[in-house]
Amino acid sequence: DECCGCELISPKHLQPDRGKEAENSGSIMKVLSSSILALLVSSTRGFVAPNAHGRARVASRLAMTTSSVKLPLMADESVMDQKAHGTSEQPVQKNLRWKCDFETADRICNFNRHYAEFAGYWSTTDFIPHIKELAETGKTEPIDFYDSVTGKLLFTAPKGRTMEDFVKESQSHGWPSFRDEEVNWDYVRCLKDGECVSTTGTHLGHNIPDSTGNRYCINLVSVAGSPDE
């Protein structure tokens, strides 16, 4: 067995003529394994929730504590199975940020796998004026981008670069473009064809890597939600 990179001794490795000792050792190792796991979970500022979604979040956080994790984190096609409202359980929020259009957002988020808002759409919204207003008031904090359906935090940008760099790259590609460190991997996954989605089935965009690494081209209408409470 392995836990946090350390090999744990299994009872099967003990000599067969020392049965009782093997049994006791096995029990001890199980306790140690549980204790180590508990420490790992607590170090990721959370606890293991009693449902699959909670376990997935903890697993994601544990994975991200290792330097060997390969990004993007992947999901299989089942995450985009049909639900109550297209690939999601509900429509997008009514009052999306930056005056993003509700019908466009709902169509792209919930009833679409391959298409996007038109290139440059994001710059026709109130997003750029919002950035300029922040700059004029001296606010330099990164911007949080929330799932337009669920309100879960999906991206925070810029990180590791300036706002000017983030906007310039996004303008050059036509869509808000995020890098690995700007993704909240608790709620974001990619599929094998590059499609970028939320863990609850919202279509976000696509991963289109360039010479510097993964680049997540994301529809602004997909990440214009308000945070869930």
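Here are some worked exercises on helix α5, its charged residue E169 and the parts of the structure around them.

Before you start, keep in mind that this is a predicted model: local features need pLDDT of at least 70, side-chain atom pairs count only at pLDDT 80 or more, and totals for chains, interfaces and linings use all residues. Residues are numbered from 1 along each chain as its sequence is written, and side-chain values use heavy atoms, with hydrogens and water left out.

**Exercise 1. Place E169 and say whether it is buried or exposed.**

Step 1. Find the helix. E169 sits in α5, which spans residues 163–173. Helices here are DSSP runs of H or I with at least four residues, strands are runs of E with at least two, and both are numbered from the N terminus.

Step 2. Check the accessibility. E169 has a relative accessible area of 13%, so it is buried. The cut-offs: buried is under 20% relative accessible area, exposed is over 50%, and partly exposed is in between (1.4 Å probe, protein chains only).

Step 3. List the contacts, meaning heavy atoms within 4.5 Å. Skipping neighbours within four places in sequence, E169 touches R161, S177, R179, D210 and R215.

**Exercise 2. Work out which residues of α5 are buried, and where they lie around the axis.**

Step 1. The buried ones are F166, V167, E169 and S170. They span an arc of only 165° around the axis, so they are on the same side of α5. That arc is taken from the directions from the helix axis to the C-beta atoms.

Step 2. Now flip to the face turned away from that buried side: there you'll find the exposed residues E164, K168 and S172.

Step 3. Look at what covers the buried residues. The cover includes α4 (127–136), β3 (143–146), β4 (153–157) and β5.

Step 4. Walk off the end of the helix. α5 is followed by G174, which has a positive phi near 100°.

**Exercise 3. Trace the salt bridges of E169 and the network they belong to.**

Step 1. Set the rule: a salt bridge is a side-chain nitrogen of Lys or Arg within 4 Å of a carboxyl oxygen of Asp or Glu.

Step 2. Start with R161. Its salt bridge with E169 has the closest N and O atoms 2.6 Å apart.

Step 3. Go on to R179. The side chains of E169 and R179 form a salt bridge at 2.3 Å, N to O. This pair links distant parts of the chain, with E169 in helix α5 and R179 in the loop between β5 and β6, ten residues apart. R179 counts as buried too, because its relative accessibility is 11%.

Step 4. Add D210 and R215, whose side chains meet in a salt bridge of 3.7 Å, N to O. D210 is partly exposed at 29% relative accessible area, while R215 is buried at 7%.

Step 5. Put it together. R161, E169, R179, E182, D210 and R215 are linked in a network of salt bridges.

**Exercise 4. Give the strand order of the five-stranded open sheet and name the strands at its edges.**

Step 1. The order is β5-β9-β8-β7-β6, with antiparallel pairing. Two strands pair if DSSP finds at least two bridges between them.

Step 2. β5 (177–178) and β6 (188–190) are the edge strands; each has a single partner strand, so one side of each has no neighbour in the sheet.

Step 3. Zoom in on β5. Two bridges join it to the antiparallel strand β9 (residues 216–218), and F178 stands opposite Y216 in β9.

**Exercise 5. Find the residues with the most contacts inside the largest nonpolar core, then follow F145 out from there.**

Step 1. A nonpolar core is a set of buried Ala, Val, Leu, Ile, Met, Phe, Trp, Tyr and Cys residues joined through side-chain atoms within 4.5 Å. The largest has 36 residues, and F127, F145 and F155 have the most contacts inside it. α3 (102–110), α4, β3, β4, α5, β6 and β9 each supply at least two residues of this core, and α4 gives the most, with four residues.

Step 2. Follow F145. Leaving out residues up to four places away in sequence, its contacts include F127, F155, F166 and F178.

Step 3. Check the strand pairing. β3 and β4 run antiparallel and are joined by four bridges; F155 in β4 is the bridge partner of F145. Four of the five residues of β4 are buried, so β4 is largely enclosed by the rest of the structure.

Step 4. Finish at the turn. The hairpin of β3 and β4 has six residues between the strands, and G151 takes a positive phi near 80° there.
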